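I sat down with this model to look up two things, and here are my notes. Have a look at the sequence and structure first.

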Amino acid sequence: MTHFLFRLFVALGVAMMATAAYSQTDVGEGEKLTRQGDGSGAPCIACHGADGGGNEVGGFPRLAGLNAGYLAKQMFDYNAGLRISAIMQPNVDNLTEQQIQNIAAYYASLPAPPSKTTGTPPGAQVALGEKLTKEGDWDNYIPPCAACHGPGDRGVGSAFPALAGQHPLYIRQQLEAWKTGQRKNDPNQLMAAVAGRMSAEQIAAVAAYLGSLPASAK
Amino acid sequence: MKARYLLALLAALLISAPMALAEATVPVNLPDFKDGQYIHKAPTLDDLKNDASIHPELKKVILKGRDMFMNTQQYRGKYVFSDLSCKSCHLGEGRLNWSGPVWPAVTTLPDFRGKNQHVNSLEERIAGCFSFSMNGTPPAYGSDDMLAMVAYHTWLAKGAPVYETNIGGRGFSSLGQVPPKLDYDRGQAIYHKDCAICHGDDGQGQHKDGTVVFPPLWGDNSYNWGAGITRIFTAASFIKNNMPLGKPGTLTDDEAWQVANFINSQERPQDPRYTGDVKETREKFINFHKYTNYGKLINGKLLGDHSNTGSKPFLKPDALQPRAFD
């Protein structure tokens, strides 16, 4: 009996600690902001969709299910001028640090919706994309995407975002932005190094293949 | 005046824009080949698929060996007891220059190896990697799995001259064996600046969905104290020419040495050649351990002074045997 009480006590303590850690971000507040905005810019859902699934035609990325640390860093980087976007910057510039963390936590908590990418890319293009993401092109010193973005390119930690199921247009635009130096908020220039060596054909192939992958395992 | 100012600003922007673009390129800085060196162009997977002269059955065996090489973790608990795969240290499928390309083992062996003081076959050389870097035990000599590994290595060597030893891009070495003055704290600072984002603040790497993405650099699931890369000069050259991934040659020589020393000043599984006494083992294999921190006092701790074999339930694989032709 005392053993049971002790275990109950430990379980309660653990639950309280977990709650305390979780209350650092407020997912509900984050959700509200994504729907209503902060009064000074467009609400997130206007472009990223009610389910956080983004939009291929507009090149608006899927945010649902991405790592919270990664998402928060992007918003901080827009505000610090480290990542440039004429669309994003004016919409996040009045958010407080806490609001950014809440929005990031909300999107990270959402399940990744099925890719809405329409149309089937040519088989040869997908095959080249698959080869590059899994094996790279070492003769041109391009390591495989999965070497950092993990199994199935589903992302690793806060530094290497999930690419699987991301919209091809967005992936292509970002790779081109790194290649030209327009985007440079990657840690230690790890992405700029690789993107800078990729041909337009390789970029299109990788984007098409990654977009065709399921966003979550199994 | 204001218009002129704006014009000047515009001009400055126009001029600086292309310069910003040029800066975006991260160079691949690898050592130059020396005159007279043999430079190999190892075949690619496409070459294998398109080569009608290779029997389909042999292609199967080569592809099996390649799969073992690329995803050695499928043998975790059988041949491998660390989190490493062959490709962790031999980048680019074992084809890449300055990344320990594996085909020279085919064309330069059998030969005498200082490490174990006898003439080694290709199978024994592969067994060495499994025993030390992978902290495991090799596929049995002559087995199907060993044949597959040998077939993959041999195919990569296609067209290379046998017993030619003046090879460009062989091994990792470019920094030589003599270190600069080594400073643990400086190595630690470089580690946290350039390496920790992938390998973690604690050096334990990163895993996702049960798969190793970034291998641990020390601790129970990394290479053991007998691995070639515990030699600081080997690690320094590997780092210089291969790390951070995608940016070879971006660390200075000194930075590569310092961070190699920091990584190899951490604890790891015991050297399979352990005699039961770290000082004695160091002395017995001093031709190897003179380049390592094994058996040295670092930050008040005698490194390697333990019987921990990591995740491996034994110390020495049976495959490690001496040879003599007396």
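My entries below cover a nonpolar core and one helix.

**Setup.** I am working on a predicted model, where local features need pLDDT of at least 70, side-chain atom pairs count only at pLDDT 80 or more, and totals for chains, interfaces and linings use all residues. Residues are numbered from 1 along each chain as its sequence is written, while chains are lettered from A and ligands numbered from 1 in the order in which they are written.

**Core.** I looked up the largest nonpolar core (buried Ala, Val, Leu, Ile, Met, Phe, Trp, Tyr and Cys residues joined through C-beta atoms within 7 Å) and found 115 residues. Buried means 20 or more other C-beta atoms within 10 Å of a residue's own, exposed 12 or fewer, with C-beta atoms placed from the backbone. Those with the most contacts inside the core include Leu71(A) and Val259(B).

**Helix 7 of chain A.** I checked its length: helices here are DSSP runs (H or I, at least four residues) numbered from the N terminus. At 1.5 Å times one less than the number of residues, the 13 residues of helix 7 (residues 123-135) of chain A should span 18 Å, and the end C-alpha atoms are 18 Å apart, which agrees.

Which residues of helix 7 of chain A are buried? I found Gly129(A), Leu132(A) and Thr133(A). Seen down the axis, the buried residues of this helix fall within an arc of 95° (from the directions from the helix axis to the C-beta atoms), so they line one face. On the other side, Gly123(A), Ala124(A) and Ala127(A) are exposed. Just after the helix, Gly136(A) takes a positive phi of about 75°.

Notes:
Helix = DSSP H or I, 4+ residues; strand = E, 2+ residues; numbered from the N terminus.
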